[in-house]
Amino acid sequence: ILPQYLEPRSYTVQYIEKTFPLSRANREMLQKAEYDIQVWCILLDDKVPFRMHWPLHSDMQINGIPVRVVSRQATQPLGANGRDDGLMLTQFLKEGPNKIVLSRSDSRAFCLGVRIAKRRSLEEVLNLVPKEQDGEKFDDALSRVRRCVGGGTEADNADSDSDIEVVADSVSVNLRCPMTGSRIKVAGRFKPCVHMGCFDLEAFVELNQRSRKWQCPICLKNYSLENLIIDPYFNRITSLIKSCGDDISEIDVKPDGSWRAKGGAELKDLMQWHLPDGTLCMSTGTGPKPNMGVVK
Ligand SMILES: [Zn+2]
Ligand SMILES: [Zn+2]
């Protein structure tokens, strides 16, 4: 007789059965197109945060109706880049008690729930991102840029920016979005990231509809929507060069955070050195005083 612990795990099936009530008010709410009831599941202590994760061999029944909760193979573990989804249950539910049964063959600890979910439009999600001045202080963004451009001593920094290139006393920074290849319009970033690279906020949120992950495209760390902000340093620059052609996508940045655009003659004063706040640097020569106003 084999000891219990040698029994192959794939033959151990565990069941969970729960009943939850659906009120008339909730049922009526679910008639609206943007509302749905969703069943979700997470793996406790999942190495990848902020994702759904169903057990191996998940089999679910809602009020006796078999439903498919995972699209991957029953025996296929969820990889680091994989994302499971939460099935929408509305069509299977009735007013009053509803029974949900999940069987699995997976000894890890999971947490299962149902929730009323509201579908948000791209615009609504973008509106959840704090306004530029509320996401991060300009000085904090500037410190990061100064550290990234000037602090060449941190050789062990695994999050170093691969898109910067050292040239003499300034570095060249590419303002193209790593996801779209177009110049960034609104500079988005995840607040905890230590690198200075940004991405196009709107394109990123739009692509998230398919990827279902709030993953930084630069350092690949996983976050939640709450961490998404506008980078006040780079957004000031991308706003100033907004009207330039898309071929203008690189700037030089000095360790103090001053910058100038590289490229075409159409840029005029944008090719002069600017202070981090976007104003032109004072000329050290004897020529006429440069305009200190915000460059349009
Ligand atoms: Zn950096
Ligand atoms: Zn990052």
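1. In what order do the 4 strands of the open sheet lie? The order is E1-E6-E3-E4, with antiparallel pairing, where two strands count as paired if DSSP finds at least two bridges between them, and where strands (E, at least two residues) are DSSP runs numbered from the N terminus.

2. This is a predicted model, in which local features need pLDDT of at least 70 and side-chain atom pairs count only at pLDDT 80 or more, while totals for chains, interfaces and linings use all residues. Residues are numbered from 1 along each chain as its sequence is written, and ligands are numbered from 1 in the order in which they are written.

3. At the edges of the sheet are strand E1 (14-22) and strand E4 (65-67), each of which pairs on one side only. Within the sheet, strand E3 (residues 59-62) and strand E6 (residues 96-104) pair in the antiparallel sense over 4 bridges, and Gln61 has Val101 in E6 as its bridge partner.

4. The zinc ion (ligand 2) has as protein donors Cys193 (SG), His195 (NE2), Cys216 (SG) and Cys219 (SG), which lie 2.1 to 2.3 Å from it; donors are N, O and S atoms within 2.8 Å of the metal (3.2 Å for Na, K and Ca), and water is not among the atoms, so sites may look incomplete. Along the chain, these donors follow the spacing C-x1-H-x20-C-x2-C.

5. The arrangement around the zinc ion (ligand 2) is tetrahedral because the 4 donor atoms subtend angles of 104 to 116°, and four donors count as tetrahedral if all angles lie between 85 and 135 degrees.

Terms used: Heavy atoms only, no water. Tetrahedral: all angles 85-135°; square planar, octahedral: opposite > 155°, others 65-115°.
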